[in-house]
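Please open the model in your viewer and keep the sequence panel visible, so that each selection can be followed in both.

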Amino acid sequence: MASSSAAGNGTGGILPTHTAAPAWPSTSKPPPTKDPRRRRCLCVCLLVTLAVLLALAITLLVLFLTVLKVRDPTTRLVSTRLAGVAPRLTFPAVSLQLNVTLLLTVAVHNPNPASFAYDAGGHTDLTYRGSHVGDAAIDPGRIPSKGDGEVKLALTVQADRLAADLAQLVADVESGSVAMEASTRIPGRVTILGIFKRHAVAYSDCSFVFGVAEMAVRSQQCHDRTKL
């Protein structure tokens, strides 16, 4: 009877059950793990790059200390020849000027592994006891690397200026020698290994003694230098 009444009430003795929702696969991906091979490859590339840069820096340093270090050239006057004498009369102030032209040949030795080209030529000033008495224009040219070359110039001596201190000039001529100084400046360009090009200026300061009897340079002493 009890069971029938329970069935009649519709409630029954069975407890209600809840079914769990189906588990769907997660759409979020797990964090990627670092590849040790990739990290090792990056380290190797970094080390190789640093080694190459270090080797390049050492090479440039050695190149600068050896090849790119410019050494001073040496010059030597090898010949002097009288080219002519040109008197000139100036007006309105009447003045007789006498210009003497000397053809000079200068031997130049270049100890550097770089050629020196002076496309614009150069200039030489001649002084006698501190007074400017002449000058010369140097034609364009080129001195080879680790080689020798010749520089030829026509030096014009203004005899009237040379005789400004006539008493001293006569004394020097009577002694058989005349001491003079020449200062030369030649701007140009050095080419190293056919690649590197730098502007340079060659300077030469010479003191020489001109022999009156032999009409030639008896002795000379030059100080040459190059400035980049």
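The tour goes from the whole chain to its cysteines and then to one threonine.

This is a predicted model, in which local features need pLDDT of at least 70 and side-chain atom pairs count only at pLDDT 80 or more, while totals for chains, interfaces and linings use all residues. Residues are numbered from 1 along each chain as its sequence is written, and side-chain values use heavy atoms, with hydrogens and water left out.

Begin with the chain in cartoon view, where four helices and 10 strands appear (DSSP runs of H or I with at least four residues, and of E with at least two, numbered from the N terminus). Of its 228 residues, 26% count as buried, meaning under 20% relative accessible area, with exposed over 50% and partly exposed in between (1.4 Å probe, protein chains only).

Next select Cys 206 and Cys 222, which form a disulfide with an S to S distance of 2.1 Å (a disulfide being a pair of cysteine sulfur atoms within 2.5 Å). The pair links strand E9 (residues 196-211), which holds Cys 206, to strand E10 (residues 216-227), which holds Cys 222. Cys 206 is buried at 13% relative accessibility, whereas Cys 222 is partly exposed at 26%.

Now move to Cys 41, whose sulfur lies 4.2 Å from the closest cysteine sulfur, that of Cys 45, and is therefore too far for a bond.

Finally, select Thr 105 in strand E2 (residues 95-110), a buried residue with a relative accessible area of 12%. Beyond neighbours within four places in sequence, its contacts (heavy atoms within 4.5 Å) include Arg 76, Val 78 and Val 151.
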